[in-house]
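Got your viewer open and your mouse ready? Let's take a walk through this one, stop by stop.

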Amino acid sequence: MSNFTNPVIVIAKREYIDTIKNKLFLTLIIFILLLTIVSITVSSLDFQGKVTDYKNSIQILKNLGKTSDTQAAPQFYPLQMLRGIINYLEIIGAILGIILGYLSIAKEKGKRTLQLILSRPVKRSQIISGKISGNSLLIISILTIVLLFIFLIIREVAGVILSFSEITRVVLTLLFSFIYIMFFFCLSFILALKMKVLTQALIICLVIWLVFVLIIPQIGDTMDPDNQIPGGFFQSLNINKLQEKEIMSKFHTYETTRNAVEESSITKHYERISFALLGIKDTYNGKNLHYIFKDRWMDPVWLLSFLMIILFLQYFVLLNKNTVSWEN
Amino acid sequence: MVSNINTIAKNEVKTLFKEKTFILILVIFILMTLLSNYIGWSSRTTIENVFQETIKKVVSSGSRQIPVDPFTGISILSIIKNMIVYIFLIGSLLAIIIGYNSFLRERLSGVSKIIFSKPIERKEFILGKIYGILFLLLLITITSFLISLISISLITGKILSLQLVVKLIIFYFLSLIYMFLFSIIGLFFSIFAKSSSLALMIPVIIWIFISFVLPELTSALNPTALLNPANIQSTLPHGKVLIFLQEILKPFSVSDTYKVISGSLLELDSTGSSTSALNILINNSAGFIFMIALLGAAIFGSYYTMLKFDATEEEIYE
């Protein structure tokens with residue numbers, strides 16, 4: 001069978017073309033790109049403000065005849081400006097995945113074409129593979145546009161051209177973004193396929209999104225003793241990292257519970273590996289990729305595990321006749 | 001006219017109770033209130049113990065400077081501080097779903113075509129829907145208020161003072177207004193949008209804009225930092241441009257207004273106890289007035305769109 005008649009490629013191609021014509025999809029893409037601009041611009045302005053504040057306070061100290069050794073100058077790391085984008089990809093990237101999965105099934109159910117396709121000599125596994133391939137390509141296209149936007153905006157707003165090493169880190173981060181978005185695509189795909197009322201599938205997806213993306217990470221963050229006070233609880237008491245570790249070792253059960261809450265969310269794993277790669281988390285800033293992956297290997301493994309489980313479920317649902325709801 | 005509105009409102013409440021979605025929303029709300037109280041109590045107890053450990057550490061190191069407890073003067077109401085984040089995050093999103101479901105249900109089932117052939121005026125219909133939604137949100141809010149009140153009393157072992165109860169009531173009243181605003185936005189798009197997915201996702205995009213984008217512009221805080229209740233009262237950006245943006249946009253940032261007023265009502269900082277509820281509202285009057293104006297505009301928008309709604313429309317698509 002030549003490539004041109006391979007059902008997987010035909011379905012993937014149709015999936016890609018249909019989706020890029022969809023208004024909702026286009027609205028989301030524009031929104032993500034706008035947020036990329038806003039986020040980098042705000043980070044850049046904030047950094048410039050910090051530098052100005054630093055210079056002013058140094059000047060005041062000099063005028064008072066005091067030394068300025070105690071105050072460290074703000075350091076500029078261009079990739080740290082991407083913190084907001086990672087947060088937005090966590091939130092809106094997941095919604096994008098949900099919308100893609102939903103649209104992929106909704107259009108078939110709306111036009112009752114799924115039964116029609118299945119009446120042809122096309123295997124169910126080929127339908128799923130086609131839909132996954134088409135949407136994967138679409139997500140990769142979107143992330144490539146985001147990458148170009150990041151490169152251009154950092155150059156225009158902060159006046160910095162990213163080095164090869166920095167671009168590699170951004171590309172790796174976007175690769176994990178792809179896995180993360182695909183998880184939500186598969187989740188919404190399964191629910192839309194299984195549930196009789198499509199709108200209810202969308203609502204349930206949003207509730208799951210809320211729990212995984214916002215509630216669980218929020219619980220973990222607010223349970224962190226250091227997050228109880230703006231600027232950090234331990235910093236407010238002049239306690240250094242070593243002393244903090246020593247104190248917190250006495251609250252092992254509490255910390256383990258807090259960590260377990262965070263570990264149960266795919267979003268937290270995505271955030272942890274992304275923050276490490278981009279040097280947003282200070283511990284990993286300036287460290288090479290080997291060090292980062294050696295230290296944070298569990299996060300990519302978790303991300304892949306989440307995706308593998310949901311992919312397996314996706315195939316299982318469509319391959320099993322009885323689990324699919326054909327009606328809209 | 002009043003009886004028709006009441007009938008529609010009652011029907012709305014009955015239908016939503018029959019639907020699994022509303023029960024799911026109610027359960028989520030009760031769970032999140034309980035969770036908020038538990039997390040508040042658990043993290044407060046732990047942080048007090050961590051502070052005591054820190055004191056021991058400082059004393060054993062021979063330092064004469066004993067740190068001051070950063071939680072001195074923080075009110076007991078702050079136990080439920082997570083509720084602020086849950087309402088601005090979960091409550092508002094669930095409210096969108098209630099509003100969205102309210103009319104889209106009629107459109108998807110084709111009831112909207114039949115209902116306007118009956119002697120029911122459109123304005124009665126939309127007012128009935130709005131009252132129904134408001135009643136349900138009120139029910140959710142009262143349940144949440146009672147759980148919070150009982151939990152705080154149980155945790156502290158004493159009954160809250162009248163002043164604190166009043167602040168708690170006003171906090172929940174403000175939360176009701178906030179959620180009502182989002183439910184009406186959901187209702188508006190369920191009448192206005194041509195597809196069911198657009199009807200849900202446009203309000204969600206607006207919600208993201210209000211909850212994350214505007215606050216980022218006014219505080220330079222990234223989206224996840226905005227979810228930490230500790231950051232509510234301390235959002236000061238750096239640099240002239242951002243400070244200028246903050247001054248201009250702050251009154252229009254509805255979620256900022258909600259969080260700042262709520263933070264003051266729940267006395268999240270040490271000055272909170274000395275400020276009356278009325279003064280808190282007066283101090284944030286510009287933002288509060290804008291929130292009410294936005295709610296008014298959303299109600300008017302839904303009302304006007306319903307009057308113009310084409311009851312003979314073809315089937316709504318996905």
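Start by selecting Glu263(A) and showing what surrounds it: leaving aside residues up to four places away in sequence, Glu263(A) touches His269(A), Arg272(A) and Trp302(A). Keep in mind as you click around that this is a predicted model.

**Stop 1: around Glu263(A)**

Which helix are you in? Glu263(A) sits in α10 of chain A, which covers residues 252–263. Now show the side chains of Glu263(A) and Arg272(A): a polar contact of 2.9 Å joins them. Next, pick the C-alpha atoms of Glu263(A) and Asp299(A). They are 36 residues apart along the chain, and your distance tool should give 9.0 Å. Is Glu263(A) buried, exposed or something in between? Its relative accessibility is 22%, so Glu263(A) counts as partly exposed.

**Stop 2: further along α10**

Stay in helix α10 of chain A and select Arg258(A) and Glu262(A), which lie four residues apart, about one turn of the helix. Their side chains meet in a salt bridge, 3.5 Å from N to O. Turn on the surface if you like: Arg258(A) and Glu262(A) are both buried.

Here's the idea behind that kind of pair: side chains of opposite charge can pair when their charged atoms come close. Over all chains, the count comes to 19 salt bridges.

**Stop 3: helix α1**

Jump to Arg14(A) and Asp18(A). These two form a salt bridge, with their closest N and O atoms 3.7 Å apart. Why are they separated by about one helical turn? Because Arg14(A) and Asp18(A) are four residues apart in helix α1 of chain A, residues 7–20. Arg14(A) is partly exposed, with a relative accessible area of 34%, and Asp18(A) is partly exposed too, at 29%.

**Stop 4: a link between two helices**

Now select Lys131(A) and Glu108(A), whose side chains meet in a salt bridge at 2.8 Å, N to O. Lys131(A) belongs to helix α5 (residues 124–158) and Glu108(A) to helix α3, so this pair ties together parts of chain A that are 23 residues apart in sequence. Both Lys131(A) and Glu108(A) are buried.

Before moving on, select Arg14(A), Glu15(A), Asp18(A), Lys107(A), Glu108(A) and Lys131(A) together. These residues are linked in a network of salt bridges, and the pairs from the last two stops, Arg14(A) with Asp18(A) and Lys131(A) with Glu108(A), are in your selection.

**Stop 5: where the chains meet**

Zoom out and color by chain. How many residues are in contact here? On chain A there are 59, and they meet 62 residues of chain B. The two chains bury about 5,300 Å² between them, 77% of it on carbon and sulfur atoms. Highlight Ile203(A), Gln218(A) and Gln228(A): they supply 11% of the area that chain A buries against chain B, more than any other three residues.

Hunting for salt bridges across this interface? The rule finds zero between chain A and chain B. The count of residue pairs in polar contact between these chains is three.

Now color the helices of chain A. On the side that touches chain B, α2 (23–63), α3 (83–111), α7 (198–223), α8 (233–236) and α9 (241–248) each supply at least two residues. The largest share, 15 residues, comes from α7(A). Last, color that side by residue type: you'll get 37 nonpolar, 14 polar and eight charged residues.

How values were computed:
Residues are numbered from 1 along each chain as its sequence is written. Chains are lettered from A and ligands numbered from 1 in the order in which they are written. This is a predicted model: local features need pLDDT of at least 70, side-chain atom pairs count only at pLDDT 80 or more; totals for chains, interfaces and linings use all residues. Side-chain values use heavy atoms; hydrogens and water are left out. Contact means heavy atoms within 4.5 Å. Buried area is the accessible area (1.4 Å probe) that two parts lose on being put together, summed over both. A salt bridge is a side-chain nitrogen of Lys or Arg within 4 Å of a carboxyl oxygen of Asp or Glu. A polar contact is a pair of N or O atoms within 3.5 Å; within protein, one must be able to donate a hydrogen and the other to accept it, and residues adjacent in sequence count only if both atoms are side-chain atoms. Ala, Val, Leu, Ile, Met, Phe, Trp, Tyr, Cys and Pro count as nonpolar, Asp, Glu, Lys and Arg as charged, and the others, Gly among them, as polar. Buried means under 20% relative accessible area, exposed over 50%, partly exposed in between (1.4 Å probe, protein chains only).
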